[in-house]
Amino acid sequence: MSSATNGTGANTPESQLESVLPIHPTAARRGNPIVVQSDLTSYSNDHIVSKFTNRGADVSVVEGQYIVTPTSVDYEFQTARKVSKTGLMMIGWGGNNGSTLSATILANRHNIIWRTKGGVQQPNYIGSLLRASTVRLGTDPSTGKDIYVPISDVLPMVHPNDLVLGGWDISGARMDEAMKRAQVLDYDLQRQVAPYMAELGAPLPSIYYPDFIAANQEARADNVVPGTDKNAHLEHLRADIRRFKAQHALDRVVVFWTANTERYSEIITGVNDTADNLLAAIKASHPEVSPSTLFAVAAILEGEPFVNGAPQNTFVPGVIELAERTRSFIGGDDLKSGQTKLKSVFAEFLVNAGIKPLSIASYNHLGNNDGHNLSAEPQFKSKEISKSSVVDDMVAANHLLYTPAQAGAPKGSKAAKGEHPDHIVVIKYVPAVGDSKRAIDEYYSEIFCGGRSTINIFNECEDSLLATPLILDLAILAELLTRIKYRTAGPASKAEFAPLYPVLSLLSYMLKAPLVKPGTDVVNSLNRQRNALETFLKACIGLEGSSDLLLETRIW
């Protein structure tokens, strides 16, 4: 290839190892292998229609006695079988997550094999809940053995290799250069994938309001939409989405915030408390309208899903109301990849074992740009809030160990919150470790008859390589959920199929501070979050959720 192209990234030699190995199982295409033979499930060329009974119980307490009334509601789900041609537009596309995600999708798409000091490495989607984990379908009657399938096979879903990539960034570095700057991927992979990254070009100019991110990010801000008129910025973003969708002939665009953590926005009556007030505040260029909120509003008004992968309060009340009004889908907040995911499992294990955590102390240090931005106090406070709430529902579920909140107690008092473990979170910026994050947790608990237990966990992980599969899962699920409709069922029901509620709480498994329907409780338990998603996907093909009762093994 001519040296005239030097510096474009397109002159990198082609891989001599490409396609040497077969496609990794997590990246393989399998079609739609599941067919349910049941009067609860029907198939047409366009849809899968299923019947599902949602069972629960109403509980009242009368003079210390629990009165339980079982409940059931019948629903039908309709899933469009045709998978949308989907684009993924990332805000912060040129950052560590965006560049790593793009490069690894391209590596999988072209099956690029690379060498590391440990040998030959194959591209894959390990770390993706959808592509690399399985669910139990049932048992093989001839052997009695359980049958498991990948979650991505339960319903028709976008294959990650088919995502059309694009987005915005305040840095104008071309995507091959952004990948090199991130220093996440092995050199030999970067060398081979660089031509494909170069073809992606540079990110679109983004919105930069210096007040919302750390001052240390100013040096990167060379690719911004000019001016200070926030309504003009909103229209600019909407035009970007429409143009990207038309240019690539897309059916759907998922807009994803994977940019820097912002400071929290102040919730102000008359500014961002309702949809109309928020739109008026944007027209007035009010200073408390953040860039992430502006992107969310742009996606909502374009009818495209928006997912917030950072901890700030992007979804002010006005955004949620606007999503409800337009029936556009939103989900967030903050990718749950390492320490918090482990904490949501370990704290639940302790409480469910009847052990009482008294304190949880969490320390992190990392050296990537995320850590650099979080070294500023306002941005750290956003992260601290999202990481600190992860054990709340587990504690509230056990009034034997923890005194519950007292009705009528003064707001802000300990009695009003109820007993809770001491919980602190520390994050420090250490440039030398780069993308390799260190996390240390200490669980100090009360055990039998006044005893004490201390458990320390040290976790070292490559931050972006844990986070990027979550972006894939969230984008793929967001697209899927736009194709699922429901209605109440029954002999007299004449309800039309309708879309799901706009706040996609089914995405909670991948998120530290799950956004839920206003007025409903947040579930942080990782097991409950996964079970909810698995049960929902199975319901859409007319199957019951997983049961570990295994009654047939316990009776004659």
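These legends go with close-up views of a predicted model.

**View 1. Helix α1 meets helix α14.** Here α1 (residues 96–109) packs against α14 (residues 463–482), and their axes are 9 Å apart at an angle of about 70°. Angles of 65 to 115 degrees count as roughly perpendicular, so α1 and α14 are roughly perpendicular to each other. On the α1 side, look for N96, N97, T100, L101 and I105; they meet S464, L465, A467, T468, I471 and L472 of α14. The contact of α1 with α14 has 6 nonpolar and 5 polar residues, with no charged ones.

**View 2. Helix α3 meets helix α4.** The axes of α3 (residues 175–182) and α4 (residues 187–200) cross at roughly 140° and come within 7 Å. These two helices, α3 and α4, are therefore oblique to each other. From α3, the residues M175, D176, M179 and K180 meet Q190, V193, A194, M197, A198 and L200 in α4. By class, the contact of α3 with α4 divides into 7 nonpolar, 1 polar and 2 charged residues.

**View 3. A sheet of 4 strands and the helices packed on it.** Follow the order β15-β14-β16-β17 through this open sheet, which has mixed pairing. Its edge strands, β15 (422–429) and β17 (452–462), each pair on one side only. From one strand to the next, the twist averages 10°. Strands β14 (residues 356–366) and β16 (residues 436–446) pair in the antiparallel sense over 9 bridges, and Y363 stands opposite I440 in β16. Helix α9 (residues 339–352) packs on the sheet and touches β14, β15, β16 and β17, its direction making about 15° with that of β16. You will meet α14 here again: α14 packs on the sheet, touching β14, β16 and β17, and its direction makes about 85° with that of β17.

Conventions: Residues are numbered from 1 along each chain as its sequence is written. This is a predicted model: local features need pLDDT of at least 70, side-chain atom pairs count only at pLDDT 80 or more; totals for chains, interfaces and linings use all residues. Side-chain values use heavy atoms; hydrogens and water are left out. Axes are lines fitted to C-alpha atoms, for helices over the stretch in contact, and angles run from 0 to 180 degrees between N-to-C directions. Angles under 35 degrees count as roughly parallel, over 145 as roughly antiparallel, 65 to 115 as roughly perpendicular and the rest as oblique. Contact means heavy atoms within 4.5 Å. Ala, Val, Leu, Ile, Met, Phe, Trp, Tyr, Cys and Pro count as nonpolar, Asp, Glu, Lys and Arg as charged, and the others, Gly among them, as polar. Two strands pair if DSSP finds at least two bridges between them.
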